[in-house]
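Here are my comments on the model you sent, set out as numbered points. I have kept to what can be checked against the coordinates.

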Amino acid sequence: MSGVPETCPVCGEVVGVRNAVHVTVNTKADAGILDEYVCRSCYRAELAPLVA
Ligand SMILES: [Zn+2]
């Protein structure tokens, strides 16, 4: 396995960067820009509908 492991913020699973999707979300909350690696299954379930 190569790449830096990242923790998916949705499900908490540790995923390699190569198996994750890098997302930047400009929220309207105080958090500002969210810069996260989300695993592919969570990306499909949670984020793909938002950006489609
Ligand atoms: Zn996940």
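The points below move from the overall fold to the core and then to individual residues.

1. The model is a predicted one, and the remarks here should be read with that in mind. The protein chain contains 1 helix and 4 strands, and from the N terminus on these elements follow the order β-β-β-β-α. Taken along the principal axes, the C-alpha atoms of the protein chain fill a box of roughly 35 × 20 × 15 Å.

2. On burial and contacts, buried residues make up 13% of the 52 residues in the protein chain. Of the contacts in the protein chain with a separation of 6 or more, 29% are accounted for by residues 24 or more positions apart.

3. The largest nonpolar core has 7 residues, namely Cys8, Val15, Ala20, Tyr37, Val38, Cys39 and Cys42. Strand β4, which spans residues 33-39, supplies the largest share of this core, with 3 residues. As general background, nonpolar side chains in soluble globular proteins tend to be buried together.

4. Tyr37, one of the residues of that core, deserves a separate look. Leaving aside residues up to four places away in sequence, Tyr37 touches Glu6, Cys8, Val15, Val17, Ala20 and His22. Among these partners, Cys8, Val15 and Ala20 are also listed in the largest nonpolar core.

5. Which residues does Val23 touch, not counting residues up to four places away in sequence? Val23 lies in strand β3, residues 20-26, and the residues it touches on that count are Glu36, Val38 and Leu47. Val23 and Leu47 are 24 residues apart in sequence, while their C-alpha atoms are 8.8 Å apart in space. Val23 counts as partly exposed because it has 17 C-beta neighbours inside 10 Å, whereas 20 or more would be required for a residue to be called buried.

6. Arg40 is found in helix α1, and its partners, once residues up to four places away in sequence are set aside, are Asn19, Ala20 and Val21. Arg40 and Ala20 are 20 residues apart in sequence, with a C-alpha to C-alpha distance of 5.5 Å; Ala20 is also one of the residues of the largest nonpolar core. Arg40 itself is partly exposed, because 13 other C-beta atoms lie within 10 Å, and the exposed class is reserved for residues with 12 or fewer.

7. Ser41 has its place in helix α1 as well, the helix being made up of residues 40-51. With 14 other C-beta atoms within 10 Å, Ser41 is therefore partly exposed. The C-alpha atoms of Ser41 and Cys11 are separated by 9.6 Å, although the two residues are 30 residues apart along the chain.

8. Is Gly12 buried or exposed? Gly12 lies in the loop between β1 (5-7) and β2 (14-16), and it counts as exposed because it has 9 C-beta neighbours inside 10 Å. Gly12 and Ile33 are 21 residues apart along the chain, and their C-alpha atoms are separated by 20 Å.

Note on methods
Residues numbered from 1 in each chain as written. Predicted model: local features only at pLDDT ≥ 70, side-chain atom pairs only at ≥ 80, totals over all residues. Helix = DSSP H or I, 4+ residues; strand = E, 2+ residues; numbered from the N terminus. Contact = placed C-beta atoms within 7 Å. Core = buried A, V, L, I, M, F, W, Y, C linked by C-beta atoms within 7 Å.
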